Amino acid sequence: MPNAQAGCRRRQGKTYLLQSLTEASDGFYFAALRQSRAQNLQRLAEAYQAHTHTRARVSFQNWEEALDALLALGENADTPVVVALDEFPYLLEGAPELPSVLQAVLSPRGTAATVWRTRLLLCGSALSTMRGLLAGTAPLRGRTVLELAVHPFGYRDAAGYWNVAHDPALAMQLHALVGGTPAYLDMSGGEPPRSLDSFDAWVAATLLNPASAMFREGDVLLSEEDRITDTTPYLAVLAAISSGATRRGQIAAAVGRPADALAHPLTVLTEARLIRGLDDALKQKRTTYHVAEP
């Protein structure tokens, strides 16, 4: 029974894709909440009861029972049944044993792998947590056949999505500010700028408007990373890079910290895909850093 893991920052359309996939395959979708272990198990039992049209009340006492029931949805199925557990990091907060439980139920010689036609998808927005599930000696390493990261649209796809592909200059300026995150169109009022002449007024009315959902998006992106408890040093590094300090020494001078103290912030920001490092093709240790998310 193949198992897949997907990860991406919020607002990339992950939930929409998962719900569409499970609906098309008559599968099962469950989105965890930041609640206790018991509360998520109860919500999962209620969703399972509704999905299976079971009259008797369903109750899961532990995650072993819950996972066995979910994986059994593919029993005697003619086509693979997709089971998607969204916001998986929320489940881990109340049940850190989950990866080990999954390791056991997904044993290569177990019923789930050899008999049931279930495809389990584990999804989450905390990228560092999702990567950690498959790192090193993690229990799920070797149990997954696909690791998929959902990225923002590229320049051309974003231009078509925002309906500005007919004006390359406008599309370039718009992409430089909002990138390719699909949800940013709705968060900007659902209306792109009409032309370059109206672009500045549009930016002031949407991106720079304190009442706009986009105004504090940068802070929100940082707070969603579970490895970041204090956003101040990360915002300082981002500000330094966006101001033109691209080498580690330049960044250190801009933020007033030793260069060797930047290893962790740079690593976290890179893994969160907020910045990217470009290596010099001719000189070693000459990496430059650039903002990857407008």
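In which loop is Ser-188 found? In this predicted model, Ser-188 occupies the loop between helix H10 (184-187) and H11. The surroundings of this residue, together with the empty spaces of the structure, are described below after an overview of the chain.

The chain contains 15 helices and seven strands. Its C-alpha trace extends over about 60 × 45 × 35 Å along the principal axes. Of the 294 residues in the chain, 41% are buried. When contacts between residues at least 6 apart in sequence are considered, 63% of them join residues at least 24 apart. The confidence of the prediction, expressed as pLDDT, has a mean of 84 over the chain, and 92% of the residues reach 70 or more. Among the elements of the chain, the lowest mean pLDDT, 56, belongs to strand S1 (residues 3-7), whereas the highest, 94, belongs to H11.

The loops that adjoin H11 were examined in detail. Ser-188 has a relative accessible area of 5% and is therefore classed as buried. With residues up to four places away in sequence left out, Ser-188 touches Trp-162, Trp-202, Thr-206, Leu-207 and Met-214. One of these partners, Thr-206, is located in the loop between H11 and H12. Thr-206 counts as buried because its relative accessibility is 10%, a value that falls under the 20% limit for this class.

Two contacts of Thr-206 appear when residues up to four places away in sequence are not counted: Ser-188 and Ser-212. The side chain of Thr-206 also has a polar atom that lies 2.6 Å from the backbone oxygen of Trp-202. Along the chain, Thr-206 and Glu-191 are 15 residues apart, and their C-alpha atoms are separated by 9.8 Å.

Ser-212 is placed in the loop between helix H11 (199-205) and helix H12 (217-223). This serine has a relative accessible area of 13% and so is buried. A polar atom of the Ser-212 side chain lies 2.8 Å from the backbone oxygen of Thr-206. Apart from neighbours within four places in sequence, Ser-212 is in contact with Met-187 and Thr-206. Thr-206 thus appears among the contacts of Ser-188 and among those of Ser-212.

Two further residues illustrate other degrees of accessibility. Val-145 is situated in the loop between helix H7 (127-132) and strand S5 (146-149). Val-145 is classed as exposed because its relative accessibility is 61%, and the class requires a value over 50%. Val-145 and Ala-135 are ten residues apart in sequence, and the distance from C-alpha to C-alpha is 14 Å. Ala-239, by contrast, is part of helix H13 and counts as partly exposed, with 39% relative accessibility. The separation of Ala-239 and Val-291 is 52 residues in sequence and 9.4 Å in space, C-alpha to C-alpha.

The empty spaces of the model were considered next. Rolling a probe the size of a water molecule over the atoms reveals where such space is left. A search of the whole structure identifies one cavity of 30 Å³ or more. The volume of the largest cavity is about 50 Å³. Helix H8 (155-161) and helix H9 (168-178) are the elements that give two or more residues to the lining of this cavity. The largest share, four residues, is provided by H9. The lining residues include Tyr-155, Trp-162, His-175 and Gly-179. By class, eight residues of the lining are nonpolar, two are polar and none is charged. Trp-162, which belongs to this lining, is also one of the residues touched by Ser-188.

The largest pocket has a volume of about 600 Å³. Of the 20 residues that line this pocket, Leu-177, Glu-217, Gly-218, Glu-293 and Pro-294 are the closest to its centre. At least two lining residues are supplied by each of H9, H12 and helix H13 (232-242). H12 contributes the largest share, four residues. The lining of the pocket comprises 15 nonpolar, two polar and three charged residues. H9 therefore takes part in both spaces, because this helix gives two or more residues to the lining of the largest cavity and at least two to the lining of the largest pocket, under the definition of lining as residues with an atom within 4 Å of a point.

Note on methods: Residues numbered from 1 in each chain as written. Predicted model: local features only at pLDDT ≥ 70, side-chain atom pairs only at ≥ 80, totals over all residues. Heavy atoms only, no water. 1 Å grid on protein atoms, 1.4 Å probe; cavity = no way out; pocket = protein on both sides within 12 Å on 5 of 7 lines; lining within 4 Å. Points joined across faces, edges and corners; volume = space filled by probe spheres on them. Nonpolar A, V, L, I, M, F, W, Y, C, P; charged D, E, K, R; others polar. Buried < 20%, exposed > 50% of the residue type's maximum accessible area, 1.4 Å probe, protein only. Polar contact = N/O pair within 3.5 Å; in protein donor to acceptor, adjacent residues only side chain to side chain. Contact = heavy atoms within 4.5 Å. pLDDT = per-residue confidence, 0-100.
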